[in-house]
Amino acid sequence: MSSRKSPNGIPTTQLVLTAYVATNAKVFPDILTLHVPHGAVIADVTYGKGVFWKHVPKDHYQLLSSDIDTGTDCRALSYNDATLDAVVLDPPYMEGLYRRVKTHLAGAGAYHPFRAYYSNGETTNDGPKYHAAVLDFYFRAGQEAYRVLRPHGILIVKCQDEVSANTQHLTHIEIINNYESIGFHTKDLFIVVRPNQPGVSRLLKQVHARKNHSYFLVFVKAPLHLSKHASALPQSDQATEMVRRKRAVGRAIARGPRSLTNSGHLLPHIGDSSSGADPDCE
């Protein structure tokens with residue numbers, strides 16, 4: 001008789017997947033099932049209308065809901081250090097919702113419900129501008145989430161890439177790079193493709209593919225002795241400088257290969273697996 005050990009587990013196709021054509025409310029429960037155990041204390045610090053929680057049984061988690069309308073700024077939370085099991089963060093992720101003139105804010109007219117879900121409708125009067133304002137908000141909110149999470153706590157972040165000032169910004173990679181620099185470990189990524197067809201009211205010439213997908217990023221707070229990085233709170237000028245350098249490199253590429261210098265660097269490839277085994281299952 002062979003002494004070879006039989007592997008545990010059963011064959012199945014009932015898996016949590018990384019990409020969905022669905023709404024946020026459909027995807028979010030799967031993320032919780034995979035990464036947050038029942039009974040956990042979860043602070044949704046950008047709760048809004050509670051869309052994420054529509055299909056999550058209320059007795060599964062201890063939910064602490066707050067947002068800017070309840071007087072809670074997710075960049076300055078009232079929770080004590082290292083007291084939460086998980087944090088959910090879904091701030092406005094379009095630079096058009098951070099503009100300094102109210103009539104210039106995104107989400108006017110027929111798109112007002114979008115502004116109602118993702119913004120309090122107020123202008124941004126100081127700090128960085130345009131895409132740098134988006135990054136600065138995420139960076140500061142991430143630092144605050146790191147403070148209030150317990151070691152091994154989970155941070156779930158919703159974000160979307162964007163084109164700002166005719167420049168492509170891969171926001172999910174910028175967030176990942178920054179969060180890993182302060183001590184988070186990137187555990188998972190989910191892609192959500194909107195089920196309805198996007199459109200525009202006026203089109204002259206399309207120069208970039210219209211984004212119809214967004215991301216849920218899942219981070220784990222690494223214990224201090226395992227964290228490779230522990231930096232101070234990123235300042236506004238750091239977010240601005242990141243955008244400035246990226247635009248400079250983009251302009252250099254547009255002018256031709258001879259003008260491309262070492263002012264920028266390639267972002268590391270995320271989530272590569274070269275082995276034959278499935279790295280997502282245990």
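How many residues apart are Glu 144 and Arg 147 in helix 3? They are three residues apart, about one turn of the helix. Hold on to that pair, since we'll come back to it after a look at the whole protein.

What you have in front of you is a predicted model. The protein has five helices and nine strands. If you walk along the sequence, they come in the pattern β-α-β-β-β-α-α-β-β-β-α-β-β-α. Of the 282 residues, 40% are buried. Now take the contacts between residues at least 6 apart in sequence: 74% of them join residues at least 24 apart. We'll meet a couple of long-range links of that kind below, one 66 residues apart and one 35 residues apart.

Let's start with strand 2, which covers residues 41–44. In a regular strand, side chains alternate between the two faces of the sheet. You can follow that here: Val 41 and Ala 43 point one way, while Ile 42 and Asp 44 point the other way. All four of these residues are buried, the aspartate included. Strand 2 also has partners. It pairs with strand 3 in the parallel sense, over four bridges, and with strand 4, again in the parallel sense, over three bridges. Ile 42 is a handy place to see both pairings. In strand 3 it stands opposite Leu 63, and in strand 4 its bridge partner is Ala 86.

Now back to helix 3 and its charges. Side chains of opposite charge can pair when their charged atoms come close. The whole structure holds five salt bridges. One of them joins Glu 144 to Arg 147, at 2.8 Å from N to O. Arg 147 has another partner too: it forms a salt bridge with Asp 81, where the closest N and O atoms are 2.6 Å apart. Arg 147 sits in helix 3 (residues 131–148) and Asp 81 in the loop between strand 3 (62–65) and strand 4 (84–89), so this bridge ties together parts that are 66 residues apart in sequence. Put the two bridges together and you get a network linking Asp 81, Glu 144 and Arg 147.

How buried or exposed are the members of that network? Each one gets its own label. Glu 144 is buried, because its relative accessible area is 11%, below the 20% cut-off. Arg 147, at 26%, counts as partly exposed. Asp 81 reaches 51%, so it counts as exposed, just past the 50% mark.

Helix 3 has one more salt bridge to show you. The side chains of Asp 136 and Arg 140 meet at 3.2 Å, N to O. These two residues are four apart in the helix, about one turn. Both Asp 136 and Arg 140 are buried.

Next, the rings. There are eight aromatic pairs in the structure. One of them brings together Tyr 179 and Phe 184, with 5.7 Å from centre to centre and 40° between the planes, a tilted arrangement. Both of these residues are buried. Phe 184 also pairs with Phe 219: their ring centres are 5.9 Å apart and their planes meet at 55°, so this pair is tilted as well. That second pair links distant parts of the chain, with Phe 184 in strand 8 (residues 184–193) and Phe 219 in strand 9 (residues 213–221), 35 residues apart. Phe 184 has a relative accessible area of 4%, and Phe 219 is buried at 0%.

Elsewhere, ring pairs link Phe 28, Phe 52, Trp 53 and Phe 216 into a cluster. Phe 216 has a charged companion as well: the charged end of Lys 158 sits over its ring, 5.2 Å from the centre. Tyr 146 is in a similar setting, with Lys 221 over its face at 4.7 Å from the ring centre.

Finally, a word on the cysteines. How many disulfides does the structure hold? It holds zero. Cys 74 is buried, with a relative accessible area of 4%, and Cys 159 is buried at 0%.

How values were computed: Residues numbered from 1 in each chain as written. Predicted model: local features only at pLDDT ≥ 70, side-chain atom pairs only at ≥ 80, totals over all residues. Heavy atoms only, no water. Phe/Tyr/Trp six-rings, centres within 6.5 Å; stacked < 30°, edge-to-face > 60°. Buried < 20%, exposed > 50% of the residue type's maximum accessible area, 1.4 Å probe, protein only. Lys NZ or Arg CZ within 6 Å of the ring centre and 35° of its normal. Disulfide = S-S within 2.5 Å. Salt bridge = Lys/Arg side-chain N within 4 Å of Asp/Glu carboxyl O. Pairing = 2+ DSSP bridges. Contact = heavy atoms within 4.5 Å.
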